[in-house]
Amino acid sequence: MPSRRLPITIILACISLLFFLTCAVNPVTGKKELMLVSEAQEIELGKETDVEIANEYGIVTDAAINNYVNGIGQAMCRLTHRPNLPYQFRVLDTSVINAFAVPGGYIYVTRGILAYLNDEAELAGVIGHELGHVAARHSAKQMSQQQLAQIGLGVGMILSEKLRQYSSLAEMGLSLLFLKFSRDDERQADDLGVEYGSKSAYDMNRMAAFFETLERLSPSEESGLPDWFSTHPNPENRVAAVINKTAEWRQKLADTQFAVKRNEYLKSINGIIYGDDPRQGYVEANTFYHPGMRFSFPVPSGWQVENTASQVQIAAEDGSAAIILTASESSSPSDVADAFVQQTGALVQTRESTSVNSFSAQRLVSRVLSSDSDTLQVMSYFITKSGKTFTLHGMSGKTNYSKYSGLFSQTMTGFKQLTDASKINVKPVLLAVKTVGRTATLRSFLKQNGIADDQLETMAIMNGMQLTDNVTAGTLIKIPGK
């Protein structure tokens, strides 16, 4: 059919109508802005995403630290520009250093970032920053922009039912955690964090101190959960801007006594897990061990392993192949294999019943169309153990499959019961808060407490200090416990 080009006046009129129908007043600036996501949709999306986050990354089981963080957050959120949202504050059980918010008032800090904070004022600054993103609707704004990009401002879609419902929002889910804010958004979140922290009677100069700590850290390698550097770009002159904004709010709140609460904070995090928790799975000598579920399997040499609460991802260094382990509550490997074929539309090439080290199993080789329309060749083992079915998928492009099929098979048929007590009874490293007995340099104190030379700088950064700083008697210092 011949194409028809609409007059530019009609297109502009439709765009204007779209803005009219979808403009909302920003709670922070008071200005109208294009917003395709209502507050009710934000809250619903937040509820759904919260469940996904808990399943994917896990929430710290220590009620005391969760209650401590939630208590600070609940007090601060009432002083924001959106005090009526159903705010929730949670501590994620991961060593990644980050904090983030999803729409609707769900805010997360990782136990990894807690280890690098040094007082309650710094924690308030991080929470305030994330509250700033929520108040200014930064995530919702990015989602709206993505919606516009997807529909391309098509005239036929502008007033359609599909557009009004924004059905694709339901697919955002965990992808919200990988949104990268603009530097302008980061600056605004910093300003709002200073405002909310200052109004909560915290010394927000400590927020600047934490940003200095972050600047001393090296960005971590890519992992299942992004770190601070991946999601929070560093605005120019960030530390100076926070200090200046803090001075402004100190002048406005001249009668306020601004707290730091260093000792209270350090005592609250004493004993939290530091680094990865081996009880949730660990790699040693090219073998993955899971003490809790009592299994192990070999890992190809040189491949990168990312372990989360919901799955283990193992990838070749060049990204050309991967192995993924998941678990389901079904005790039928055949049923789980059927579900995989149905959900993915896999074209099954071979399928057979088998056993893996005395465990009943199903083996499939199939082709699956990936999200970017490439065809993946997949080897799958569905292995039943202790009332669960463990699924191992080895995947690569069709041209590389023959190169990796042997490794896939070796890994999957190596799945076995873990009986070695030395591998089962591993313990995580716990953060220990020590009291300085007599005045010394930080370097001297750390060495006296058994910190290796190659870890001295890391410990200095974690304590927000320099190795040459003097620490007086009675000072609390964080170190990894024995």
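This tour moves through a three-stranded sheet and the helices that pack on it, in a predicted model. Residues are numbered from 1 along each chain as its sequence is written, and in this predicted model local features need pLDDT of at least 70, side-chain atom pairs count only at pLDDT 80 or more, and totals for chains, interfaces and linings use all residues. Side-chain values use heavy atoms, with hydrogens and water left out.

Select the sheet to begin: 3 strands (DSSP runs of E, at least two residues, numbered from the N terminus) form an open sheet in the order E3-E5-E4, with mixed pairing. Strands E3 (88–92) and E4 (99–102) stand at the edges with a single partner strand each, so one side of each has no neighbour in the sheet. Pairing here requires at least two DSSP bridges between the strands; E3 and E5 (residues 106–110) run parallel and are joined by 5 bridges, and within E5 the bridge partner of Arg90 is Tyr108.

Next, select residues 39–57, helix H2 (helices being DSSP runs of H or I, at least four residues), which lies across E3, E4 and E5 and runs at about 25° to E5. Helix H5 also packs on the sheet, touching E3, E4 and E5 (contact meaning heavy atoms within 4.5 Å), and its direction makes about 25° with that of E4.

Finally, stay on H5, where 16 of the 16 residues are buried (under 20% relative accessible area, 1.4 Å probe, protein chains only), so the helix is largely enclosed by the rest of the structure. Asp119 caps the N-terminal end of H5, with a side-chain oxygen 3.2 Å from the backbone nitrogen of Ala121, while Arg137, which follows H5, has a positive phi near 60°.

Notes. Buried means under 20% relative accessible area, exposed over 50%, partly exposed in between (1.4 Å probe, protein chains only). A polar contact is a pair of N or O atoms within 3.5 Å; within protein, one must be able to donate a hydrogen and the other to accept it, and residues adjacent in sequence count only if both atoms are side-chain atoms. Axes are lines fitted to C-alpha atoms, for helices over the stretch in contact, and angles run from 0 to 180 degrees between N-to-C directions.
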